[in-house]
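Q: Could you walk me through this model before I start annotating it? I'd like to go element by element and ask as we go.

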Amino acid sequence: MTNQMQALTFKGYGKSPDVRLSAVPRPEALKPNEILVQVHAAALNPIDNMILTGMFKPVLHFQLPATIGSDLAGVVLEVGSDVTRFKPGDAVFASIFDTGTGAVAEFAVVAESAAALKPANLDFVQAASIPMVGLTSWQALRERAGIQPGQKVFIPAGSGGIGTFAIQLAKYFGAKVATTTSSKNLALVKSLGADQVIDYTKQDFDKVLLGYDMALGTIRGNAIEKAVGIVKPGGKIISLVGPLDKAFAQARRLNFVLKFVFGLMSRKIITKAKKRQVSYSFLFVRPDGNQLSDISKLLEAEQIKPVIDRVFPLEQAKDALAYLAQGRAKGKVVIKIV
């Protein structure tokens, strides 16, 4: 067995990140709490392209050149000495976001606490599409917003990776869901359970919606500020795309300068939200194998179904990243490795 593997890597930030398929050293030594996974499929997320710009450089630390990607599904090859939940041969899926390593590779090291057994009814490509969008939706809707049956939730960009999952999860929690999409994707988001669908090519959501308990921020630009107007007093705006806030800096124990900078970045939206007695917060997803196990049960019960736009072979991983950057994917973009 060779000690090299293929991985999608980047060498720098900004205009020329030098993204390419490279031969890199295979992971060797496992820590006691880690598992080595032969990756069968890895999914891409919009943040993969955002990382390349350098936007998250103060927050996410990579040793360059670094491997791209967070979502994977595959088979356990080896387990560390303290691992009890998995054994070689187990099919698993995981998010390894924010761990300093990447998923678009033939092999990956995963913390035991980040992994869960793959849903039995999904293949590896389907399973790989879930972790980042599943955990983000779960942590936003359940943990931070505490969504209750009958509440009204606004999830923009309903046909995207997050949207297709979050709509289904919000419906499972008993919420009423409004979303936005373009004319060609109306049928898709309705099939996922959205109660009110706004064609953004014809209408502005802030002219139509009112009295929402929560709005999820999934689109960069002024959409989050517009969302303030549709959320009722006591409601929440939870953004996945920024601006980063001081609470986020404090939670990550960042230095005084970054706390100050993030405070400045989010001051406008927080001030605007406070005037309407609405809370604003930025959410950075964290890996969590226990939550993935809960999500797995919903997938096995077919309460939630994966939505996949395109599958690329590993040789075309760079093309997959460029395709995702166009912002037109309906659901997830996945790279099939085995």
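A: What follows goes through a helix, some strand pairings, the unusual backbone spots and the salt bridges of this model, which is a predicted one.

Q: Okay, start with H1: is it mostly covered or mostly open?

A: Helix H1, residues 46-53, is mostly covered, with six of its eight residues buried. The buried ones are Ile47, Asp48, Asn49, Met50, Ile51 and Leu52.

Q: And what do those buried residues pack against?

A: They pack against two strands and two helices, namely strand E1 (4-10), strand E3 (34-44), helix H3 (131-144) and helix H10 (317-325). Just after the helix comes Gly54, which has a positive phi near 95°.

Q: E1 came up there; which sheet order does it belong to?

A: E1 sits in an open sheet of three strands with the order E2-E1-E4 and antiparallel pairing. Strand E2 (20-25) and strand E4 (66-67) are at the edges with a single partner strand each, so one side of each has no neighbour in the sheet.

Q: How many bridges hold E1 and E2 together?

A: Six bridges pair E1 and E2 in the antiparallel sense, and within this pairing Gln4 stands opposite Pro25 in E2.

Q: Switching to E10 and E11, do they run parallel or antiparallel?

A: Strand E10 (residues 176-181) and strand E11 (residues 196-199) run parallel and are joined by four bridges. The chain gets from E10 to E11 through helix H5 (residues 186-191), making a β-α-β crossover that is right-handed. Thr180 stands opposite Ile198 in E11.

Q: Now the backbone oddities: where are the cis peptide bonds?

A: One joins Leu64 and Pro65, with omega about -5°, and Pro65 is in the loop between H1 and E4. Another runs from Gly242 to Pro243, with omega near 5°, and Pro243 is in the loop between strand E13 (231-239) and helix H7 (246-251).

Q: Which non-glycine residues have a positive phi of about 55°?

A: Arg253 has such a phi although it is not a glycine, and so does Gln277. As background, most residues other than glycine have a negative phi, and most peptide bonds are trans. Arg253 belongs to the loop between H7 and helix H8 (256-275), while Gln277 lies in the loop between H8 and strand E14 (279-282).

Q: Are those two buried or exposed?

A: Arg253 is exposed at a relative accessible area of 77%, and Gln277 is exposed at 56%.

Q: Last topic, salt bridges: how many are found in the whole structure?

A: A search of the whole structure finds 13. One of them pairs the side chains of Lys332 and Asp71, at 3.4 Å from N to O. Lys332 is in strand E16 (residues 332-336) and Asp71 in strand E5 (residues 71-79), so this pair ties together parts that are 261 residues apart in sequence.

Q: Is that pair buried or exposed?

A: Lys332 counts as buried at 4% relative accessibility, and Asp71 counts as buried at 0%.

Q: And what about Asp199 and Lys202?

A: They form a salt bridge whose closest N and O atoms are 3.9 Å apart; here Asp199 is buried, with a relative accessible area of 7%, whereas Lys202 is exposed at 67%.

Q: Which residues are linked in a network of salt bridges?

A: Glu143, Arg286 and Asp288 are linked in such a network.

Key: Residues are numbered from 1 along each chain as its sequence is written. This is a predicted model: local features need pLDDT of at least 70, side-chain atom pairs count only at pLDDT 80 or more; totals for chains, interfaces and linings use all residues. Side-chain values use heavy atoms; hydrogens and water are left out. Buried means under 20% relative accessible area, exposed over 50%, partly exposed in between (1.4 Å probe, protein chains only). Contact means heavy atoms within 4.5 Å. Two strands pair if DSSP finds at least two bridges between them. A crossover is right-handed if, with the strands pointing away from the viewer, the path from the first strand over the helix to the second runs clockwise. A salt bridge is a side-chain nitrogen of Lys or Arg within 4 Å of a carboxyl oxygen of Asp or Glu.
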